[in-house]
Structure formats: structure tokens, C-alpha cells
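Reader: I am new to reading protein models. Could you walk me through one, feature by feature?

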Amino acid sequence: MDSTTADRFDTSRFEASRNRLASLAYRLLGSAVDAEDVVQDAFLHWQAADRQRIKVPEAWLTKVVTNLCLDRLRSAQVRRERSAGAWLPEPLLDGDPMLGPADTFEQRESVSLAVLTLMERLTPFERAVYVLREAFSYSHAEIAEILDVSESASQQHLHRARRHVATARRRGGDGEADPVAARRIVEEFLAAATSGRTERLVALLTDDVTAVSDGAGLTAKLLRFDTPERVAAVARAGFTPTRAKRRLAGGTPTVHYAPVNGAPAMLFVVGDQVIGAVTFDIADGRIATVRGIAAPARLTRLNDAWRHHEPDTPLVGEW
């Protein structure tokens, strides 16, 4: 095999792992843009390596991507950005290959916006062990090799991470709400918000509901609201259409229902451009968390997917 043919063969081996590596990086970083950058960096490492000495390419690439992600999570710049209170995970439209694997509840839960947000509280090692074990089913021996730690350390990191996630699960929702019921709740929320029925809005919310918004990227920190009354007031104000809002949106949006990261969501769309996403966590038939995401940088990959998506009839044809 000549060098050109060997390079082509080795590139094909890398490409066969690209989606899995991107899924790993997305779970670790919570950002599709950063995940794509890490996978590209891993490809450069792959090209520069003595590939004939790599016995198990999948294991080698997993270790490279995991450690590149850990380097990012530890970097001073990332710590400053995330500690400043302006970070939200990047939402992805259901069906995006970056959300895989999705065969088990644990795999699907690991890409929920609730868990991706929670993992900001974990140490980088806890985050890595949790993802490698729960989403990719690596053994503790394999994780120890990837992270250069002992098996007992891997087990301890997983125990702490699972405890945090279990706490979030009790607080944040049912994990996998019935899709028909979830859509009905979102439709009721939209109808109540746009009609100004504050009492009905409050009834749809849990007693400890939280709403978070990135202010379309126009604020330095996330906007946070708690108590059903405050969240209902903000929703009523935010969902009432006005000429000023349409000018800011660049037109008259349609509102579509579309699951995002396995959770119910509404997408505000002008033309073929998603200008905002509102996602919901459901707990016991009521809304526990509302996230408003409209910063363009957080919607890049979702927009790419939406352009190839065939949406259902919109919830609102002209908002």
C-alpha cells in the first residue's frame, strides 16, 4: 500500500468514528461548536501520529478527544466565561447525530439540557467519567486508561457524579415525559401566555419553577426568574407579540413545536431561520424549567438542521 492509499485508508478510519467522537465531545462541553473544533483537532493529532503503532484506533481517538475536552474545561478562559453566569448548553434538534448514542435512558438523559447544565457543577474528571460510563458504557478499567487514573478513582468520580445527577432528576423533571402529554402542556402554555391568562399560566408551573433566558445574547449574564408568579409574568410579557418584537426578529415569526435534546420545545422561525428556542422540562404534568435561547451563536447547528427539517403545521402561523 503506497503512502497516498494509506492516508486515504486512515482518513476513512477516522471518519467512521467522527459522529461518535462529536457526540462524546458535545456531552463533555455542552457546545456543538466546541465539539466540532475538538474533533477537528483530534483529526490533526491522528494525521500527525504514527498510525501503524496504534493498535485500537477507537480507543486511541477516544482518549485524545476526552483529554482535549478536559483541557478546554480546565482553561482559564472557559472557567471565566462559565463562571460569569452567561453560559447555557447549545440546543440540538432531535435526530441530530451529535445526540447519539440514544438507545438507553442514561444515554438520552446525558444530552438533556437539564443534565448538560448540571454538569457545570461537576469537576472535569467527574464529568468525563460520567459521560464515558453512562453514555458510552466504558468499563472502569477502560476509563482509568483513558484518564490516567486508578479504577477506584474512576468509581469514586462516578459515584459523586451520579449523586449530583440524581438530585437534579428529582428537581428537574420526569426525565422522559410522554410526548403527547408534553406537547399538550406546551400548547396550553403558549395559549395562556399569548392570551394573557396569568392564572392558567401559574397553574401550569411547578411551585419551584425556574426560567432562564440568554436575552438573545444582548445581556452580559443570564436572566433568571423563580416563583410561578414571576415566571408567568415574564412569559406573558415575552410571548405577547408587538411590532417592536417583529422588527427585532426581522419579520413575523411562525412558532413550531419541535423536540430539542429530547425535551419539548417551541422554535420561533422567520423564513428558514430559527431566531429563538424555548425549551421545557416537565415534572408531574407541569413545567419545572423554561429556557429561552436566542443568542445566534447558540443556534448555529440547530439552524443547519432546521433547514433540512420538514416541520409539522406551526402552532402559530403568524406570531
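Author: Let's start with Ser137, which sits in the loop between helix H7 (124-135) and helix H8 (140-147). Keep in mind that this is a predicted model.

Reader: What is the phi of Ser137, and is Ser137 buried or exposed?

Author: Ser137 has a positive phi of about 60 degrees, although it is not a glycine. For exposure, we look at the relative accessible area, and a residue counts as exposed when that value is over 50%. Ser137 has 52%, so it is exposed.

Reader: Which other residue has a positive phi although it is not a glycine?

Author: Look at Asp284, with a positive phi of about 55 degrees. Asp284 is placed in the loop between E5 and E6. Its relative accessibility is 72%, so Asp284 counts as exposed.

Reader: Where is there a cis peptide bond?

Author: The angle to read is omega. Between Gly100 and Pro101 omega is about -5 degrees, and the bond that joins them is cis. Pro101 belongs to the loop between helix H4 (76-83) and helix H5 (105-109).

Reader: Now the other end of the scale. How do I recognise a buried residue?

Author: Use the relative accessible area again: buried means under 20%. Helix H9 offers two cases. His157 lies in helix H9, which covers residues 151-172, and Ser154 lies in helix H9 too. His157 has a relative accessible area of 14%, so it is buried. Ser154 comes to 0%, and therefore counts as buried.

Reader: Which residues do His157 and Ser154 touch, beyond their neighbours in sequence?

Author: Leaving aside neighbours within four places in sequence, His157 is in contact with Phe125, Glu126 and Val129. With residues up to four places away not counted, Ser154 touches Val129, His140, Ile143 and Val149. Notice that Val129 appears in both lists.

Reader: Could we try a residue in another helix?

Author: Take Thr62, found in helix H3 (residues 57-74). The relative accessible area of Thr62 is 0%, so this residue is buried. Not counting residues up to four places away in sequence, Thr62 touches Arg20, Leu21, Leu24, Leu132, Tyr138 and Ile146. You can also pair a distance along the chain with a distance in space: Thr62 and Phe14 are 48 residues apart along the chain, and their C-alpha atoms are separated by 11 Å.

Reader: Is Ala258, in a loop, buried or exposed?

Author: Ala258 lies in the loop between strand E3 (254-257) and strand E4 (265-270). Its relative accessibility is 3%, so Ala258 counts as buried. Beyond residues up to four places away in sequence, Ala258 touches Leu93, Ala263, Ala265, Leu267 and Trp306. Leu93 is 165 residues from Ala258 along the chain, while 7.4 Å separates their C-alpha atoms.

Reader: What do such contacts look like over the whole chain?

Author: Consider the contacts with a separation of 6 or more: residues 24 or more positions apart account for 67% of them in the protein chain. As for burial, 47% of the 319 residues count as buried. The chain exposes about 15,500 Å², and carbon and sulfur atoms supply 52% of that area.

Reader: How many helices and strands are there, and what is the radius of gyration?

Author: The secondary structure comes to 14 helices and six strands. The radius of gyration is 21 Å, which agrees with the value near 20 Å for a compact globule of 319 residues. Along its principal axes, the C-alpha trace spans about 70 × 45 × 35 Å.

Reader: How does one find a pocket?

Author: Rolling a probe the size of a water molecule over the atoms shows where empty space is left. Here, the largest pocket holds about 1,000 Å³ of space. It is lined by 36 residues, and those closest to its centre are Ser213, Ala216, Gly238, Gly276 and Ala294.

Reader: Which element gives the most to that lining, and what kinds of residues are there?

Author: E5 gives the most, with six residues. Elements that each supply at least two residues include strand E1 (205-213), helix H12 (228-239) and strand E6 (286-293). The lining divides into 25 nonpolar, eight polar and three charged residues.

How values were computed:
Residues are numbered from 1 along each chain as its sequence is written. This is a predicted model: local features need pLDDT of at least 70, side-chain atom pairs count only at pLDDT 80 or more; totals for chains, interfaces and linings use all residues. Side-chain values use heavy atoms; hydrogens and water are left out. On a 1 Å grid over the protein atoms alone, a cavity is a set of points where a 1.4 Å probe fits but cannot get out, and a pocket is an open set with protein on both sides within 12 Å along at least five of seven lines; lining residues have an atom within 4 Å of a point. Grid points are joined across faces, edges and corners, and a volume is the space filled by probe spheres set on the points. Helices (H or I, at least four residues) and strands (E, at least two) are DSSP runs, numbered from the N terminus. Ala, Val, Leu, Ile, Met, Phe, Trp, Tyr, Cys and Pro count as nonpolar, Asp, Glu, Lys and Arg as charged, and the others, Gly among them, as polar. The radius of gyration is taken over C-alpha atoms; the globule rule is 2.2 Å times the number of residues to the power 0.38. Buried means under 20% relative accessible area, exposed over 50%, partly exposed in between (1.4 Å probe, protein chains only). Contact means heavy atoms within 4.5 Å. Accessible areas come from the Shrake-Rupley method with a 1.4 Å probe; for residues, only the protein chains shown count as cover.
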